[in-house]
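Here is a small set of exercises to work through with the model open beside you. Try each task before reading its solution.

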Amino acid sequence: MKEIKIESTLYIYDSIDETPKNAQELMEKAAEARLKAYAPYSKFNVGVALLLDNGEVIIGSNQENASYPSGLCAERTAIYYKGAKYPTAKILRMAIIAGSLKNPTTTPIPPCGACRQAIAEYEVNQEAPIEIYFMGVSGKVVKSDSLANLLPLVFDKSVL
Ligand code: THU
């Protein structure tokens with residue numbers, strides 16, 4: 001038996017003002033996108049902005065449904081929109097802002113497991129890391145240099 005340790009490096013900023021200017025700009029787009037979330041059931045609104053290597057910014061927000069499982073997270077809404085609109089463009093950076101309208105969240109909210117898997121598909125295919133920033137409605141911001149830090153032991157096309 002052999003023990004292995006898996007390490008991930010994340011960077012924590014005390015506030016959005018501490019993050020690089022290009023991250024702040026993308027966070028602002030994510031905040032605007034969050035205003036367009038359709039989350040009447042959970043009242044948990046999430047906004048995402050993606051910066052592409054063609055200079056375009058793609059946004060997404062969570063879209064819920066009366067049939068609850070038919071809804072989709074903001075991250076996948078954005079990433080699939082990117083795939084549909086600019087299939088060959090690479091994603092350079094992703095900004096995520098999430099929080100409840102009932103109880104505004106000040107702790108950074110990472111993407112859910114299903115969204116990490118969806119983002120991994122794009123990161124693996126583009127053969128270049130996606131920088132990810134995430135936060136609550138205010139407060140600290142977490143940065144990861146790659147989706148891989150958030151999803152070690154990824155399941156991807158290499159095993160198929
Ligand atoms: N949600 C996201 O948009 N992204 C996540 O990573 C986690 C959850 C949405 C789904 C649902 O509309 C609401 O937040 C509550 O789960």
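The exercises below concern a predicted model, and each one comes with a worked solution.

**Exercise 1. The ligand shell**

Task: List the residues that surround the ligand, sort them by character, and find which secondary structure elements supply at least two of them.

Solution:
- Step 1. Collect the residues with a heavy atom within 4 Å of the ligand. The shell consists of S42, F44, V46, N62, E64, C73, A74, E75, P111 and C112.
- Step 2. Sort these residues by character: 6 are nonpolar, 2 are polar and 2 are charged.
- Step 3. Look at where the shell residues come from. Both β2 (44-52) and α2 (74-85) contribute at least two residues each.

**Exercise 2. Polar partners of the ligand**

Task: Find which protein atoms lie 2.9 Å from an oxygen atom of the ligand, and then work out how much of the ligand the protein buries.

Solution:
- Step 1. Begin with the side chains. An N or O atom in the side chain of N62 is 2.9 Å from a ligand oxygen. The side chain of E64 also has an N or O atom beside a ligand oxygen, at 2.5 Å.
- Step 2. Turn to the backbone. Here A74 offers an N or O atom at 2.9 Å from an oxygen of the ligand.
- Step 3. Add the surface view. The ligand taken alone exposes 370 Å², and the protein buries 75% of that.

**Exercise 3. A salt-bridge network**

Task: Start at K143 and trace the salt bridges until you have the whole network.

Solution:
- Step 1. Place K143. Its relative accessible area is 12%, and because buried means under 20%, K143 counts as buried.
- Step 2. Follow K143 to E131: their side chains form a salt bridge with an N to O distance of 3.8 Å. E131 belongs to strand β5 and K143 to strand β6, so this pair links parts 12 residues apart in sequence.
- Step 3. Follow K143 to D145, where the salt bridge has an N to O distance of 3.1 Å. D145 is partly exposed, at 33% relative accessible area.
- Step 4. Join the pieces. Shared partners connect R93, E131, K143 and D145 into one network.
- Step 5. Take a closer look at R93. R93 sits in strand β4 (residues 91-100) and is buried, with a relative accessible area of 12%. The side chains of R93 and E131 are joined by a polar contact of 2.7 Å.

**Exercise 4. A link across the sequence**

Task: Which residue forms a salt bridge with D14, and how many residues apart in sequence are the parts that this pair ties together?

Solution:
- Step 1. Identify the partner. D14 pairs with K140, and their closest N and O atoms are 3.0 Å apart.
- Step 2. Locate both ends. K140 is in the loop between β5 (131-135) and β6, while D14 is in the loop between β1 and α1, so the salt bridge ties together parts 126 residues apart in sequence.
- Step 3. Check the exposure: K140 is partly exposed, at 40% relative accessibility.
- Step 4. Put the pair in context. The model has 6 salt bridges by this rule.

**Exercise 5. Positive phi**

Task: Examine the phi angles of K43 and L153, and say where each residue lies.

Solution:
- Step 1. Recall the background: most residues other than glycine have a negative phi.
- Step 2. Check K43, whose phi is positive, near 55°. This residue is in the loop between α1 (21-34) and β2, and K43 is partly exposed at 34% relative accessible area.
- Step 3. Check L153, which is not a glycine either and has a positive phi of about 55°. L153 lies in the segment after β6 (141-144) and is exposed, with 74% relative accessibility.

**Exercise 6. A nonpolar surface patch**

Task: Find which residues form a nonpolar patch on the surface together with L153.

Solution:
- Step 1. Name the members. I4 and I6 join L153 in the patch, and together the three have about 360 Å² of accessible area.
- Step 2. Place I4 in the segment before β1 (11-13). I4 is exposed, with 60% relative accessible area.

**Exercise 7. A span through the model**

Task: How far apart are the C-alpha atoms of F155 and E32?

Solution:
- Step 1. Locate F155 in the segment after β6, where F155 is exposed at 51% relative accessibility.
- Step 2. Read off the separation: the two C-alpha atoms are 32 Å apart, for residues that stand 123 residues apart along the chain.

Key:
Residues numbered from 1 in each chain as written. Predicted model: local features only at pLDDT ≥ 70, side-chain atom pairs only at ≥ 80, totals over all residues. Heavy atoms only, no water. Patch = residues over 30% accessible without salt bridge, like charges linked within 9 Å, V, L, I, M, F, W, Y side chains within 5 Å. Areas by Shrake-Rupley, 256 points an atom, 1.4 Å probe, with all protein chains shown as cover. Salt bridge = Lys/Arg side-chain N within 4 Å of Asp/Glu carboxyl O. Helix = DSSP H or I, 4+ residues; strand = E, 2+ residues; numbered from the N terminus. Buried < 20%, exposed > 50% of the residue type's maximum accessible area, 1.4 Å probe, protein only. Polar contact = N/O pair within 3.5 Å; in protein donor to acceptor, adjacent residues only side chain to side chain. Nonpolar A, V, L, I, M, F, W, Y, C, P; charged D, E, K, R; others polar.
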